[in-house]
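Please look over the structure below before reading on. The report that follows takes up a loop residue, then the cysteines, then a patch on the surface.

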Amino acid sequence: MAEIEIEYFYSTHSAFAYIGHQRLLDICARKGAHLRHRPIELSPVVEHAGGLSFAGRTQAHVDYFFGREIERWAAFRGVEVLGHRPSFHDAPLALSSGVMIAAAEAGCDLDRLAFALLQGHWRDDMDLNDAGALDEVLQREGVDAAGLLKAAMSEPVQAQLAANTQEAMARNVFGSPTYVLNGDMFYGQDHLELLEHALETPFGPHRFQNPPVG
């Protein structure tokens, strides 16, 4: 029997990827599914899908969707989060995303490593663009920290990050995290239960039709 694959589009600084990550791994373990990690640059993907930048949202929207929802879902999933937006949340993602892509090529445990980076950012206020901070996390995880950090910004690795981002845009991914099972997209960790259901009992084909927008 062919292995079940779930494509996992996420940014390395995503609160909701962090909150849902362990639940996702639990689902995969129980259902025998493999995660294909696809780190992306988030802002281009969100804006391509018609979403607003952080600065373009109202304070009420930000406080609810990126405040109260984070608090509640973190409590529900049993993960620790900061009580504020991480201090370096707007730092570039090229280095941390590159680390994940290089780690895939090196045969590292991506499921565990992704959680370490997400947790470092959202629990410990880590700057994902700080090579020293990343080095500490990578060493704790028992991987070749120096090798991964060196490879992370190499041309082939950064080209793969760009390709992941373009692929997400081409497939109309809305944001992070997004899980794709047999071509069917599940956006947001709040849809993990639907993803689990689909692994057990696949949903029927998409037939719903909307009138053209605009």
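## A loop residue and its surroundings

In this predicted model, L128 sits in the loop between α5 (110-122) and α6 (131-140). Although a student might wonder whether a loop residue is buried or exposed, L128 counts as buried, because its relative accessibility is 3%, and the cut-off for buried is under 20%. Once the neighbours within four places in sequence are left aside, L128 is in contact with T12, H13, L93, L95, S96, L117, H121 and L134. N172, by comparison, lies 44 residues from L128 in sequence, and the C-alpha atoms of L128 and N172 are 26 Å apart in space.

The table gathers the relative accessible area of three residues.

| Residue | Relative accessible area | Class |
|---|---|---|
| L128 | 3% | buried |
| C28 | 6% | buried |
| F54 | 37% | partly exposed |

Turning to the cysteines, a search of the whole structure finds 0 disulfides. C28 is accordingly in no disulfide, and the nearest cysteine sulfur, which belongs to C108, is 19 Å away. The sulfur of C108 has its closest cysteine sulfur in C28, and because the distance is 19 Å, the two are too far apart for a bond; a disulfide calls for sulfur atoms within 2.5 Å.

On the surface, F54, Y64, F65 and F66 form a nonpolar patch, and together these residues have about 360 Å² of accessible area. One member of the patch, F54, is found in the loop between α2 (42-48) and α3 (59-77), and with a relative accessible area of 37% F54 is partly exposed.

Definitions and conventions:
Residues are numbered from 1 along each chain as its sequence is written. This is a predicted model: local features need pLDDT of at least 70, side-chain atom pairs count only at pLDDT 80 or more; totals for chains, interfaces and linings use all residues. Side-chain values use heavy atoms; hydrogens and water are left out. Patches are made of residues with over 30% relative accessible area and no salt bridge: like charges are joined within 9 Å, nonpolar side chains (Val, Leu, Ile, Met, Phe, Trp, Tyr) within 5 Å. Accessible areas come from the Shrake-Rupley method with a 1.4 Å probe; for residues, only the protein chains shown count as cover. A salt bridge is a side-chain nitrogen of Lys or Arg within 4 Å of a carboxyl oxygen of Asp or Glu. Helices (H or I, at least four residues) and strands (E, at least two) are DSSP runs, numbered from the N terminus. Buried means under 20% relative accessible area, exposed over 50%, partly exposed in between (1.4 Å probe, protein chains only). Contact means heavy atoms within 4.5 Å.
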